[in-house]
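Subject: Structure handover

Hello,

Here is the structure we talked about, with my notes below it. Please look through the notes with the coordinates open.

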Amino acid sequence: MSWNEIIYNILLSITASFFFWIFTFKISFTKVIFAKRLVKADNTLTDVKKSYGYRLRFANVGFRDLIELTMVVKLVINDPTCNHICFLDISNSGQQNFMTALPSIITYKIKKLSNIRTLTIYPSDSMQHELSKKKYPPKIRKLSRKGKLQFRDIFEEYGDNVTITIYVYGNDKTTGARKMFESKHYTMHDIEEGDFYGSKEIKIPIFSRKKVKIDKLSKIHKKIQV
């Protein structure tokens, strides 16, 4: 093999690798977007706990499926000296395969599998335990010790200093790469009372991922009871 052939093969390999990288990571990729608002239902759910928290919707608007999903929800009380962090309980609200896969927009178009999910967030036992310690205000401690502390009590006490953040982890079905997607830091101003409607009917254009209207995920029907 001549030097010209060797150089040609090297350049060809580099070019092929470059275009594969462009297609895999820049054109055909996974992308999860989150609704702008949390929803507080105006009654209670019975699927997991009697006390109801908040709901949030998110969608995979990328071209590849996410599999082996893991969701983590973190409540942070911003303190001048240090941040108090609590991890919250979650529920898939009865939707099948919620914890296993998040279809891409392509899969939605072809197989009609919804690429939108609704996550339900509950106060956790660990949160009740943490907020029952002496360093917290008397009202918060009293409710926590009885296991009756709700999100509204925390917001009433700390106001804008409380944030809720959702993290979605999943494996890219094509490359196997583990990815993490983070929501905004939701505050008391990002909560509305009502319920989502038409969650499985929202259609996000395939070629408009950069112009996705996140408000579509946040639409709330204030008359529907869960």
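Helix 4 (residues 138-145) packs against helix 5 at an angle of about 170 degrees, and their axes lie 10 Å apart. Because angles over 145 degrees count as roughly antiparallel, helix 4 is roughly antiparallel to helix 5. Please note that this is a predicted model.

On the helix 4 side, the residues in contact are Lys139, Ile140 and Leu143; they meet Asp153, Ile154, Glu156 and Glu157 of helix 5. By class, three residues in this contact are nonpolar and four are charged, with no polar ones.

Helix 5 covers residues 151-158, and its buried residues are Phe151, Asp153, Ile154, Phe155 and Tyr158. Gly159, just after helix 5, has a positive phi of about 60 degrees.

Ile154 also appears in the largest nonpolar core, which has 38 residues. Together with Phe34, Leu75, Leu131, Ile164 and Ile166, Ile154 touches the most other members of that core. Helix 5 supplies at least two residues of the core, as do strand 1 (32-34), strand 3 (54-60), strand 4 (66-77), strand 8 (116-122) and strand 9 (162-172). Strand 4 gives the largest share, six residues.

Which residues does Ile164 touch, not counting those up to four places away in sequence? They are Leu38, Tyr54, Val73, Lys74, Leu75, Ile121, Phe155, Lys184, His185 and Tyr186. Of these, Phe155 is one of the buried residues of helix 5.

Regards

Terms used
Residues are numbered from 1 along each chain as its sequence is written. This is a predicted model: local features need pLDDT of at least 70, side-chain atom pairs count only at pLDDT 80 or more; totals for chains, interfaces and linings use all residues. Side-chain values use heavy atoms; hydrogens and water are left out. Buried means under 20% relative accessible area, exposed over 50%, partly exposed in between (1.4 Å probe, protein chains only). Helices (H or I, at least four residues) and strands (E, at least two) are DSSP runs, numbered from the N terminus. Axes are lines fitted to C-alpha atoms, for helices over the stretch in contact, and angles run from 0 to 180 degrees between N-to-C directions. Angles under 35 degrees count as roughly parallel, over 145 as roughly antiparallel, 65 to 115 as roughly perpendicular and the rest as oblique. Contact means heavy atoms within 4.5 Å. Ala, Val, Leu, Ile, Met, Phe, Trp, Tyr, Cys and Pro count as nonpolar, Asp, Glu, Lys and Arg as charged, and the others, Gly among them, as polar. A nonpolar core is a set of buried Ala, Val, Leu, Ile, Met, Phe, Trp, Tyr and Cys residues joined through side-chain atoms within 4.5 Å.
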